[in-house]
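Q: I am new to this structure and would like to look closely at a single part of it rather than skim the whole. Please choose one region, start from a single residue, and work outwards in connected steps.

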Amino acid sequence: MDTDTIAAISTPVGEGAIAIVRLSGPEALPLASDVFEGKSLKKVDSHTIHYGKIIDPVTKEFAEEVMVSVMRAPKTFTREDIVEINCHGGLVSVNRVLEIMLAKGARLAEPGEFTKRAFLNGRIDLSQAEAVMDLIRAKTDKAMNVALKQMDGRLSKLIQTLRQELLETVAHVEVNIDYPEYDDVEEMSHTLMEEKTKEVGEEIEKLLEVAAQGKILREGLATAIIGRPNVGKSSLMNTLVQENKAIVTEVPGTTRDIIEEYVNVRGVPLRLVDTAGIRETEDIVERIGVDRSRQVLKESDLILFVLNYNEPLSEEDKKLFEAVQGLEYIVIINKTDLEQKLDLEEVRAFAEGKPVVTTSLIEEQGVDQLEQAIANTFFSGEVDAGDLTYVSNVRHIQLLKQAKQALDDAREAIELGMPMDIVQIDVTRSWEFMGEIIGDTASDSLIDQLFSQFCLGK
Ligand code: GDP
Ligand code: ZN
């Protein structure tokens, strides 16, 4: 526990009529009385206020005209001796007084350190602690907003929020531990910890899912174009490639090189893999049957299923519908420039709510709609590549997994009935892992971090 004497300006910085320098700690009274010309502060009653002058200890000159409040421990905000020096002047005079106190040996308080002492010295009871938590929340929301503006990316934002949740939970439980005389405290702590670790763990899980999308963006969606012969699969392929500047990569394989064509459709990269019959699968069902073709199709992230507007739905088409059932696919009804022989209602009925787009590839019609449908299918049309790439960082994913694991450990400890301080070690670890992601490598302890979020001098 801190035992030195801290000092800070505890009134808002600005042109107030009165500004206060507050001292807290065992040396508060001796330090103040050394520079105070007036009554002996060491002898006055507690909770009294005294007029006098501050004398500069170096020059021995008059510095400020002040009113000094003396509050002795333990009935003070921090439960330590507190001296408040009320200065009449503005910023200059209050700063001079603060400098004098620091020169005398007081230490400049860290942000929130007075409240931290109040908290750690047990000045705040359980119900008040609730209010403090609310205050912390309000303050930190503000502090967070400012900090967040300086950071970019949604990940930082999310990580900050999750860390904050853990921080508050630990602080909350800390209060509970300090008040073992209250009934149910142990149980409350357990419940709270259990809830929060679960909640935050689930959020991390979601982030990891987003990370999987980030991976898709890096590696491309394995895409299969399927349909009966002659419906326009090769034409679709060519259109996508021409419209979207294909990137052809060669991936060295064990038996032979796999040629991938990589096209970027509105931020969604499609990887058209020419292997295992995925790309041109016109006779896939005929060749290997519905079950096997389903297995093959399941390996693709997206299926572009082409039908012919100029022909009625055939048995083969229906088998293909069967093969893609429950998978991610888009129906493309091609050749709309020709006479309609396909029943669109029938197609929609088979398509189980999946997007159905009509095109005439020869006349370059409907390609925009198709591209939009591809984008919508994957990111609900909301997420763009920029938002996702940040989680594709391998280091981030690793740290997220570790943070999640630490929370799982915490919950296991809770289930095993471990003491709260053991549980807190895991929670703190999770907090630290997430801190590494956003580059917050502050060696401060969790509890220091909590209180540093208060305003200076409070
Ligand atoms: P695939 O066998 O499914 O790969 O079909 P292709 O892309 O090779 O196309 C088969 C034939 O249909 C070719 O002669 C294309 O020019 C033609 N075709 C493709 N799209 C259209 C279209 O929208 N309208 C018309 N009328 N013909 C098309
Ligand atoms: Zn073809």
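A: **From one loop residue to the sheet around it**

Lys-60 counts as exposed, because 8 C-beta neighbours lie inside 10 Å of it, and a residue is called exposed when that number is 12 or fewer. The model being read here is predicted, and every value in this walk should be taken in that light. Lys-60 sits in the loop between β4 (48-55) and β5, and although Lys-60 is not a glycine, its phi is positive, at about 60°. That deserves a remark, since most residues other than glycine have a negative phi.

The strands on either side of this loop belong together. β4 and β5 pair in the antiparallel sense, over eight bridges, and among the facing residues Lys-53 stands opposite Glu-65 in β5. Following the chain onwards from β5 (62-71) towards β6 (82-87), one meets another loop, and Pro-74 is found in it. Here the backbone has a further feature to notice, for the peptide bond that joins Ala-73 and Pro-74 is cis, with an omega of about 5°, whereas most peptide bonds are trans.

With these strands in place, the whole sheet can be described. It is an open sheet of seven strands with mixed pairing, and its order reads β3-β4-β5-β6-β2-β1-β7. The edges are held by β3 (36-37) and β7 (107-108), each of which has a single partner strand, so one side of each is left without a neighbour in the sheet.

Within that order, β1 (residues 6-9) shows both senses of pairing. β1 runs antiparallel to β2, to which four bridges join it, and Ala-7 stands opposite Leu-23 in β2. Towards the edge strand, by contrast, β1 and β7 run parallel and are joined by two bridges, with Ile-6 standing opposite Arg-107 in β7. In a regular strand the side chains alternate between the two faces of the sheet. In β1, Ile-6 and Ala-8 lie on one side and Ala-7 and Ile-9 on the other, and since all of these residues are buried, both faces of the strand are covered.

What lies against the strands? Helix α1 (residues 28-35) lies across β2 (19-24), β3, β4, β5 and β6, and runs at about 35° to β6. This helix is itself mostly covered, as six of its eight residues are buried, namely Ala-28, Leu-29, Leu-31, Ala-32, Ser-33 and Val-35.

β6 also holds a residue that appears in a database record. UniProt, in an unreviewed entry, places the feature "binding site" at Arg-22, Glu-84, Arg-123 and Lys-458, and such annotations may be inferred rather than shown by experiment. Of these positions, Glu-84 lies in strand β6. Glu-84 counts as buried because it has 20 C-beta neighbours inside 10 Å, and 20 or more is what the word requires. Leaving aside its neighbours within four places in sequence, Glu-84 is in contact with Ile-20, Arg-22 and Ser-69, and Arg-22 is another of the positions that the record lists.

Beyond the sheet, the setting can be given more briefly. The protein chain has 15 helices and 14 strands, and 36% of its 458 residues count as buried. Among contacts between residues at least 6 apart in sequence, 67% join residues at least 24 apart.

A second loop offers a parallel to the starting point: Asn-230 lies between β8 (221-227) and α7, and it too has a positive phi, of about 75°, without being a glycine. Asn-230 is partly exposed, with 14 other C-beta atoms within 10 Å. Helix α7 (residues 233-243) gives the most to the shell around ligand 1, with three residues. That shell has 15 residues, the closest being Gly-232, Lys-233, Ser-234, Ser-235 and Ile-362, and by class it is made up of five nonpolar, seven polar and three charged residues.

To return to where the walk began, Lys-60 is the exposed residue in the loop between β4 and β5, whereas Glu-84, in β6, is buried.

Note on methods
Residues are numbered from 1 along each chain as its sequence is written. Chains are lettered from A and ligands numbered from 1 in the order in which they are written. This is a predicted model: local features need pLDDT of at least 70, side-chain atom pairs count only at pLDDT 80 or more; totals for chains, interfaces and linings use all residues. A residue is near a molecule or strand if its C-beta atom, placed from the backbone, lies within 6 Å of it. Ala, Val, Leu, Ile, Met, Phe, Trp, Tyr, Cys and Pro count as nonpolar, Asp, Glu, Lys and Arg as charged, and the others, Gly among them, as polar. Two residues are in contact if their C-beta atoms, placed from the backbone, lie within 7 Å. Two strands pair if DSSP finds at least two bridges between them. Axes are lines fitted to C-alpha atoms, for helices over the stretch in contact, and angles run from 0 to 180 degrees between N-to-C directions.
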